[in-house]
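Student: I am new to this structure and would like a close look at a single part of it. Please take one element and tell me, step by step, how it sits among its surroundings.

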Amino acid sequence: MTTNGLAAFSAAVDGLLAAATFSGALGARFRAHSPAGLVQIRRDPGQRRVPVDGDLVGRPGLAVVDEPLLPRRDGPSCGATRKSAKRINNVLNVLSKILRYAAEIELLDRTPRIKTLKVPPQKFDFFTSEEFEKLVASSAEEPDWHAAVLVAGAAGLRLGEVLALEWGDIDFRNGILTVMRNDWRGSVGAPKSGRDRKIPLTARAAGALKAIRHLKGKLVFCRENGSRWTNTTMRAGIKRQEKRAGLRVTGWHALRHSFCSHLAMRGAPVVAIKELAGHSSIAVTNRYMHLAPGELRNAIALLEPGRQLGDRA
């Protein structure tokens, strides 16, 4: 790639980051792992090259990722900056998108394939049913937070989906909450999955939401002047609720994990959990299915003479 080609490629990257298709929450997430400080286009043969199949970064004098910013892929510490394998994959996924965009506008003849790291199964923390009930009961002292705890723990909303929830998203007559947007560090856009999802509300969650109806603005959870809560507000709030309930301090995502885990433990089908949680694939939902009691036994029992689909062991 010539110097002029590099300049054009860099300009294309800037254009991609500024494109309207990357506005809102999606754009914020994209820019969080973007070339601004993570991926750099350089003519420097001394820098480490990205693991790309093809000749784009194999040409003399071209490196795409700065050594200090993309640590070594070999070894548990992942380099001096101790970036996790998942963090490195986030950077490589953004780079892959940039390269595909460059191919679309014909700066590249083809899109090189980028190999990502293997990420070990992530452990997750969740509340037992007893712990969740303690949290719900204790949070009743602060009605707004009581409702937020139930929306996250009994409807499975992500932190950003709680922040972006509007009154128009809730159909009280039919008991349905529609997740339509996500707040990512102040930028509001589509949910993480990229599509809306409808969640039937439990009677308790619907009642808690009805109890805090207000005229401060369209946001369900907001300050007195109608402005939105922030991530800092949310972190401080859940910490306060957990301490009051005598529980360990976890964070908002433990409530979402609890939602999925409790559904699995009570025998909900994996496809139903996937749809309710808005997971991108069954593989994500399967992290919870080891908690489902007796599912293997029930599956084998279907092979017994006279058994039919839908019978339980």
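Tutor: Helices and strands are here DSSP runs numbered from the N terminus, a helix being H or I over at least four residues and a strand being E over at least two. The model is a predicted one, in which local features need pLDDT of at least 70 and side-chain atom pairs count only at pLDDT 80 or more, while totals for chains, interfaces and linings use all residues. Residues are numbered from 1 along each chain as its sequence is written, and side-chain values use heavy atoms, with hydrogens and water left out.

The part I choose is helix H9, which runs over residues 253-265, in a protein chain that holds twelve helices and seven strands. H9 has 13 residues and reaches 18 Å from its first C-alpha to its last, close to the 18 Å expected, where the expected span is 1.5 Å times one less than the number of residues. After the helix comes Gly267, whose phi is positive, near 90°.

How much of the helix is hidden needs a cut-off: buried means under 20% relative accessible area, exposed over 50%, and partly exposed in between, with a 1.4 Å probe and protein chains only. Of the 313 residues of the protein chain, 43% count as buried. In H9, ten of the 13 residues are buried, so this helix is largely enclosed by the rest of the structure. The buried residues of H9 are Ala254, Leu255, Arg256, His257, Ser258, Phe259, Cys260, Ser261, His262 and Ala264.

What do these buried residues of H9 pack against? Counting contact as heavy atoms within 4.5 Å, they pack against helix H4 (129-139), helix H5 (143-153), strand E7 (197-200), helix H8 (231-244) and H10. Seen from H4, the buried residues are Phe132, Leu135, Val136, Ser138 and Ser139, and these pack against H5, H7, H8 and H9.

Another of the partners, H10, covers residues 270-277 and contains Glu275. Because its relative accessible area is 36%, Glu275 is partly exposed. Leaving aside neighbours within four places in sequence, Glu275 is in contact with Arg195 and Arg197. Glu275 and Ile199 are 76 residues apart in sequence, yet their C-alpha atoms are 8.8 Å apart in space.

H9 also takes part in the largest nonpolar core, a nonpolar core being a set of buried Ala, Val, Leu, Ile, Met, Phe, Trp, Tyr and Cys residues joined through side-chain atoms within 4.5 Å. This core has 39 residues, of which Leu157, Ile170, Leu209, Phe221, Trp252 and Leu255 touch the most other members. The elements that give two or more residues to this core are H4, H5, helix H6 (159-163), strand E4 (176-179), helix H7 (203-211), H8 and H9. H5 gives the most, with seven residues. Leu157 touches residues that include Ile199 and Arg256, not counting those up to four places away in sequence; Arg256 is one of the buried residues of H9.

Finally, H9 borders open space. On a 1 Å grid over the protein atoms alone, a pocket is an open set of points where a 1.4 Å probe fits, with protein on both sides within 12 Å along at least five of seven lines, and lining residues have an atom within 4 Å of a point. The second largest pocket has a volume of about 300 Å³, a volume being the space filled by probe spheres set on points joined across faces, edges and corners. Of the 15 residues that line this pocket, the closest to its centre are Phe132, Gly153, Ala154, Thr202 and Arg266. H4, H5, E7 and H9 each supply at least two residues of the lining. By class the lining has eight nonpolar, four polar and three charged residues, where Ala, Val, Leu, Ile, Met, Phe, Trp, Tyr, Cys and Pro count as nonpolar, Asp, Glu, Lys and Arg as charged, and the others, Gly among them, as polar.
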